[in-house]
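Visitor: Please take a close look at one part of this model, and state the cut-offs behind each term.

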Amino acid sequence: MLILAPMQGLTELLFRKAFERCYPCAFDYAISPFLSLTHGNLRNAGKKVEDVLPELNEGCIPVVPQLLGHEADGFVELANRLYELGYNEVNWNMGCPMRRVAAKHRGSGILPYPDEVMEILDYVMPRIKPALSVKMRLGYRSSDEIDAIIPILNNYPIANVTVHPRIGKQLYSGRPDLEKFTEILPKIAHKIIYNGDIFTVNDYHKIRTFFPEVKDVMIGRGVLYNPLLPNQIRMEFPDDFLDGGVARNAIRMNCGGVMKEGDFVVSLMEDILRMEISQDAKVRKMKEYWCLLSKGLPGTEERKRKVLHAESLEAVFDLILEMTK
Ligand SMILES: Cc1cc2nc3c(=O)[nH]c(=O)nc-3n(C[C@H](O)[C@H](O)[C@H](O)COP(=O)(O)O)c2cc1C
């Protein structure tokens, strides 16, 4: 299975919807960007629950909501509310590396504290109606932290465990630690999903070859750098297939009508234009996506940067249109 990674501010409803419209069934499902359980109540999560409201998610990549936090009561409350909305799985974020999150033992910040993980699971597991999956790093300060977490996870009926083999302190620097991943793989009793640095078809095949027992792969930044990536993987097109416009057109014309990545970028930007937010917010959103999505488009970096220097919404949109032709 190919799974779209949760990326706060990026793989939100808007993106998931545009992506499914342009590349139907390219991903099997997505994990939503996290809903926070701040202070054990639903104050913040309440607003963000909109991202996973079933009526808004129609025609979207199927989504599993993700929860961030360690407030056991709030966890149970939100998980059961999501179950009532129709979700039979929720995902627990034990990977977020942001310092202000981790400092409060949330995200990857909980990994140095196995007792807290056990306490939360002890409380939450018998009380939640949906199944629970987890997404985690190898640790916060050290990749050995996962060694004490694994036996705890093995004690509960966890639906699956996504491992991004970095530590929190690394953020996204360095490379995934495949040596440590190899070591922990046989120790985890649950289904494992690999996540980290799948940017090309070759990267995908490397992981599947090194770890044949891992059948499911989660892709994050790679799909923003190249929205064709999941289809390329599915259709078994090698990376160099995309070199040159002729091959790009061939994908579009001959291979299941897969849309050119430039057309996807425009489609997403048009959705942003239609959002009920201020012009400034639209400009900011377009530029955020452009920073990542433009990487895979032809043209020089200097030319692409023009979008970031443009100020008005019209100027930004027109430049994007011009550069995606
Ligand atoms: C901007 C950004 C936001 C992210 N937000 C989340 C999130 O809400 N929940 C989560 O579990 N991981 C989050 N991640 C981590 C990704 O899901 C993923 O684990 C990470 O990017 C590594 O995968 P990749 O190399 O395929 O991008 C985020 C990553 C980025 C870059």
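Guide: The account below follows the sheet and then the core. This is a predicted model, in which local features need pLDDT of at least 70 and side-chain atom pairs count only at pLDDT 80 or more, whereas totals for chains, interfaces and linings use all residues. Residues are numbered from 1 along each chain as its sequence is written.

The open sheet has 10 strands in the order S3-S5-S6-S7-S8-S9-S10-S1-S2-S4, with parallel pairing. Strands (E, at least two residues) and helices (H or I, at least four) are DSSP runs numbered from the N terminus, and two strands pair if DSSP finds at least two bridges between them. Strands S3 (35-36) and S4 (63-64) lie at the edges with a single partner strand each, so one side of each has no neighbour in the sheet. Helix H3 (residues 72-84) packs on the sheet and touches S3, S5 and S6, contact meaning C-beta atoms, placed from the backbone, within 7 Å. The direction of H3 makes about 165° with that of S5; axes are lines fitted to C-alpha atoms, for helices over the stretch in contact, and angles run from 0 to 180 degrees between N-to-C directions.

Strands S5 (residues 66-68) and S6 (residues 89-94) pair in parallel over two bridges, and leucine 67 stands opposite tryptophan 92 in S6. Leu67 is also among the residues with the most contacts inside the largest nonpolar core, which has 79 residues. Such a core is a set of buried Ala, Val, Leu, Ile, Met, Phe, Trp, Tyr and Cys residues joined through C-beta atoms within 7 Å; buried means 20 or more other C-beta atoms within 10 Å of a residue's own. Helix H12 (residues 261-274) gives the most to this core, six residues.

Note on methods:
Buried ≥ 20, exposed ≤ 12 C-beta atoms within 10 Å, placed from the backbone. Contact = placed C-beta atoms within 7 Å.
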